[in-house]
Structures are given as structure tokens and as C-alpha cells.
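Biologist: I would like a close look at one part of this model, a pair of neighbouring elements and what surrounds them. Please work outwards from there.

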Amino acid sequence: MSSSTTTPTRPAKRLGLKEKYGLMTRDLGWDTTYQAMDDVFPYDQFEGIKIHDWDKWEDPFRLTMDAYWKFQGEKEKKLYAIIDAFQQNNGQFNIVDPRYLNTIKLFLTGVTPLEYAAHRGYAMAGRNFRGVSARIACQMQSIDELRHAQTQFHTISHYNKYFSGLHDSAHMFDRVWYLSVPKSYFEDAMSAGPFEFLTAISFSFEYVLTNLLFMPFMSGAAYNGDMATVTFGFSAQSDESRHMTLGLEIVKFMLEQDPGNVPIVQKWIDKWFWRGYRLLTLVSMMMDYMLPKRVMSWAEAWEMYFEQNGGALFEDLARYGIRLPKYHEVASKEKDRLSHEAWATFNNYGHAAAFNVWVPKPDEMAWLSEKYPKTFDKLYRPRFEWMAEQEKQGKRWFNNTLPMLCQTCQVPMFFTEPDDPTKICYRETTYHGMKHHFCSDGCKDIFENEPEKYVQAWMPVHQIYQGNCFPEGADPTAPGFDPLQEVLKYYHFQPGADGGEFNTSSDKANWERWTGQSLSEPKAA
């Protein structure tokens with residue numbers, strides 16, 4: 001018998017992280033031949049951004065899809081185990097004060113839908129980049145944002161079994177007057193080009209301003225005994241660090257590709273800083289007024305996360321020719337009054353909101369005096385003390401007329417002049433014979449740069465007065481027609497349950513019945 005010899009095979013060389021990342025990302029791309037690349041990707045040039053070498057796009061994480069699914073799967077297992085334990089142990093009764101739940105209502109109706117909007121926005125942006133690495137980064141963030149929306153809905157759905165205002169957040173997001181502020185922000189970004197979208201969301205919001213959103217809600221949840229919300233926040237934290245890195249990477253990538261990109265990027269930074277800052281008005285009042293146990297004041301958060309951290313960021317970007325955003329000094333002037341002006345306004349319109357409002361208690365006003373020594377006692381304490389006295393006399397008042405809205409940010413016109421907190425800030429301009437109103441020079445500038453875009457804004461107050469916010473079949477000519485109640489039905493608010501004064505709310509009554517704890521008495525240690 002003849003024996004055959006076989007040559008031993010050499011084991012395949014193990015790929016390094018960089019080589020594997022290259023094979024699994026940019027090596028999967030190709031240049032089209034049946035159609036021109038400019039026809040397949042028409043939108044990554046029309047903004048004026050010039051890209052000479054897409055391979056210069058670097059992902060510091062070098063994350064591939066197989067690793068992505070592994071990491072996310074492990075986080076999902078841990079998250080849902082904790083959510084399950086929270087539900088089985090009636091964790092909803094471990095919060096320190098039922099007023100805290102109103103921050104969850106604001107989060108679910110105003111922030112969670114933005115996660116889903118970001119999912120859609122990154123999917124669309126990724127489709128419009130011819131660079132493979134940029135498409136991969138957008139794809140992963142799109143999936144991240146979808147996961148965040150899902151985990152937030154799943155976590156908060158437990159509270160919906162016990163408390164009001166959480167039953168139809170998607171419907172409310174598209175209709176409720178104050179939710180047009182976050183909705184218009186994202187629709188503005190999604191209707192821009194792909195590079196502006198990433199500057200708006202990845203850089204201006206995720207990198208520059210995200211700590212002002214993420215920290216108050218997640219730390220506030222921890223301080224107030226809401227461990228379920230803390231858990232989904234921690235589950236998203238590693239994703240957010242990747243998103244922040246992408247935000248800085250995209251801006252540096254554009255700036256390094258061509259000097260002609262610098263003025264375009266600067267204009268976008270100016271615009272989206274101001275739009276994001278106006279959106280954070282809702283967060284400022286949540287931090288100072290809606291958390292029973294507070295983490296820090298809005299002014300302290302602004303100083304830490306924007307003036308210090310943001311200042312260091314823009315010092316780093318100065319070598320590219322980028323300066324601090326326009327009107328950043330106005331935002332810093334407003335830090336001692338923003339939350340007070342917002343909460344006072346919502347106390348006027350709380351009957352038309354999906355969360356409860358209340359006058360701060362004496363110990364809470366003492367905290368506000370300590371945190372805002374230059375403004376609170378002089379400008380805002382007298383107003384809240386008067387409101388408290390009116391409530392004691394049974395004269396709790398809500399405003400049934402509708403406020404003027406800013407055409408750009410869609411926030412009611414309650415902001416004051418940068419150098420005079422006793423005077424409402426009002427700006428206007430005329431476009432095609434129509435007057436448009438603005439809350440600030442920043443919003444006026446944004447409108448005047450793209451008036452043909454912002455004249456199309458869906459303004460809630462205008463729509464209500466035009467009769468477009470009544471449920472189907474409503475008859476305004478019917479005897480006893482109540483336009484406010486019809487609008488609340490259109491919003492899917494539950495009569496007598498959603499919104500209004502906390503002290504007369506169903507949430508307060510139910511909490512006292514379930515726990516046996518009177519909220520007018522100090523809680524036992």
C-alpha cells in the first residue's frame with residue numbers, strides 16, 4: 001500500500017481590530033456603475049460641504065455589527081431583569097413624592113418621542129452619505145435610538161397602570177401645544193441636509209447640550225427613588241458616549257476636509273445651539289421646580305456643563321476657526337431666571353398640560369432663594385406667594401386665553417430681555433407681507449436665514465383658533481360648546497385626571513389612598 005502525505009495547514013492569521021473593522025465596514029462599500037455616484041447620493045453635496053477623502057472619517061470605537069449585537073444583548077438582559085424586579089416589588093411606591101411622576105410624564109411625552117425621531121433621522125442621514133464609515137455610524141446610532149425609545153416605553157409603562165398622563169404619549173406628541181417645542185426641533189433637523197442633521201443632533205445636542213438633558217433626568221430619578229428610570233438611563237449611557245464621540249468626529253471631519261466648510265459649520269453651530277437651548281427651557285423648570293428632591297439648580301448645571309465644559313470644547317475647536325455659538329452670552333444671562341419664568345407660565349396653563357403643576361412650598365422657595373440670590377426673592381417669590389394665597393382662598397386661577405408663540409422655537413413669548421428681567425423680549429419681522437413674532441434675537445436670526453422654511457411651521461395656537469384642533473364631529477355652533485374641553489379631548493387628555501393643580505389631582509388622592517400617607521403631613525423617616 002502506498003501511503004499519502006498531507007501538508008499541514010497553517011492556522012489562519014487572526015485579524016487585528018483595525019483590520020476586522022476595515023473588512024466589516026468600508027471594505028463592504030463600492031462605487032456604483034449603473035448610476036453615477038452623484039445621482040445615488042445627491043444630498044451630501046447640496047449643502048455646500050466639500051469632502052475630499054471619506055476614508056479620513058475615523059470611528060474611535062471601531063465597532064462592528066457582530067460586536068454591537070453582543071454588547072446590546074447583554075445590556076438588554078440586565079435591564080429587563082431589573083425592570084421585572086421593579087414591577088414585582090411595587091417599586092412605584094418607593095418614590096419619595098408623587099409629584100416626581102410629573103417629570104416622568106414630561107419625559108415620556110417630550111423626550112422619548114425624540115428618541116424615535118432620532119432613529120428615523122439617522123436612518124435617513126446614513127442613506128445619504130456616500131462614505132461607508134459614515135453610513136455604518138449612522139446605522140448603529142439609528143438602532144441605538146430605536147432601542148432607547150423601546151426601553152423607555154417599557155419601563156415607564158408600569159407607572160401607566162397607576163397614574164394619569166402616561167396613556168397616549170405618541171398621540172400627544174403630535175398635537176399638544178407645548179410638545180410642539182421638541183417636535184419642531186427635530187422636524188427642523190430632519191428636514192435639513194445630512195451634514196446639518198449631524199451637526200444639529202450629534203454635535204449641538206448630543207455633544208454640547210446632552211449633559212443638561214441626561215444628567216437632570218437620570219440623577220433626578222436616583223435622588224427621588226425611581227430606580228427603574230435610573231436603570232434605563234445607565235443602559236443607554238455607553239451608547240450616549242459613542243454618540244458624543246460621533247458628534248465631535250463629524251464636526252472635526254468637516255472642518256479638516258476643506259477650509260470652505262468652516263463658515264457653513266459655524267452658521268449651523270450658531271443655529272442649533274440656540275434651538276437646543278430654547279428646547280432645554282422645559283428641562284430647566286423640571287430641575288428647579290418639578291423634582292421634590294433636587295440634584296442641583298439649572299444655573300449650576302449651566303455653569304458646569306456649558307460655561308466650563310462647553311467653553312473648553314470651543315477653545316479646542318478654535319484652531320479650526322470655530323468660535324463659541326452666537327448668543328451664548330444671552331443664555332448665560334438668562335440662567336438665573338429661565339426656570340422661574342417657565343414654571344410661572346405653566347402654572348397659568350397647567351389645566352391644558354398632561355402633567356400637574358403646583359406652587360412651590362416654603363422650604364422649596366427657601367432652596368430657590370439660596371440658589372438664585374440675585375433674582376428669586378426680588379422677582380419671583382412675590383408672585384408665587386401671591387399664587388399660594390389665592391389658592392388658599394379657593395381662587396386658583398388658570399388662563400383660558402392662548403399665548404403668542406415664537407415662530408421659530410414655538411415657545412410662548414414669556415422670555416425677558418437679556419438685560420431687563422422685568423420686560424418681555426419681543427422681536428418681529430415681515431415676510432411676504434405677513435408679520436412674524438419671535439422670543440429673542442436668536443430665533444429671529446434663524447427665521448430670517450430660512451424664512452421659506454419657518455413660515456410653514458404648524459403653530460398650535462394658530463391651529464386652535466382656526467378650529468383645527470377639535471375632535472371629529474365637534475360642532476362649535478352647538479349651544480354650550482366649550483372650546484377648551486374640545487381641545488383637551490383632541491389631545492386625548494382624560495377629563496379630571498390629566499393636568500391641573502396637583503393638590504386636587506387624582507394622582508395625589510390615589511397615592512394617599514394606596515400608601516396611607518397624607519401629603520399634607522411630613523413623610524415618616
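How are helix 10 and helix 11 arranged relative to each other, roughly parallel or roughly antiparallel?

Modeller: This is a predicted model, in which local features need pLDDT of at least 70 and side-chain atom pairs count only at pLDDT 80 or more, while totals for chains, interfaces and linings use all residues. Residues are numbered from 1 along each chain as its sequence is written, and side-chain values use heavy atoms, with hydrogens and water left out.

Helix 10 and helix 11 are roughly antiparallel (angle over 145 degrees, on a scale from 0 to 180 between N-to-C directions; under 35 is roughly parallel, 65 to 115 roughly perpendicular and the rest oblique). Their axes, lines fitted to C-alpha atoms over the stretch in contact, cross at roughly 150° and come within 8 Å. Helix 11 covers residues 261-279; helices here are DSSP runs of H or I with at least four residues, numbered from the N terminus. On the helix 10 side, V251, M254, L255 and Q257 make the contact (heavy atoms within 4.5 Å). Their partners in helix 11 are N261, V262, V265 and W268.

Helix 10 (227-257) also has a place in the packing of helix 3: the buried residues of helix 3 pack against helix 10 and against helix 6 (132-160). Those buried residues (under 20% relative accessible area with a 1.4 Å probe, protein chains only; exposed is over 50%, partly exposed in between) are M65, Y68, Q72, K75, L79, I83 and F86. Helix 3 itself runs over residues 65-88. After helix 3 comes N90, with a positive phi near 50°.

Further out, the largest nonpolar core (buried Ala, Val, Leu, Ile, Met, Phe, Trp, Tyr and Cys joined through side-chain atoms within 4.5 Å) has 143 residues, and Y178, F355 and F384 touch the most other members. Its largest share, 15 residues, comes from helix 9 (residues 194-223). Leaving out residues up to four places away in sequence, Y178 touches L106, L282, F346, A352, A353, A354 and F355. Another core, of six residues, lies apart from it, and its members include M65, Y68, V132 and I136.

Helix 9 also crosses helix 5 (residues 112-127): the two axes come within 9 Å, at roughly 135°. That angle makes helix 5 oblique to helix 9. G121, Y122 and A125 of helix 5 make this contact with P194, F197, L198, I201, S202 and E206 of helix 9.

Technical notes. Helix = DSSP H or I, 4+ residues; strand = E, 2+ residues; numbered from the N terminus. Expected span 1.5 Å × (residues − 1).
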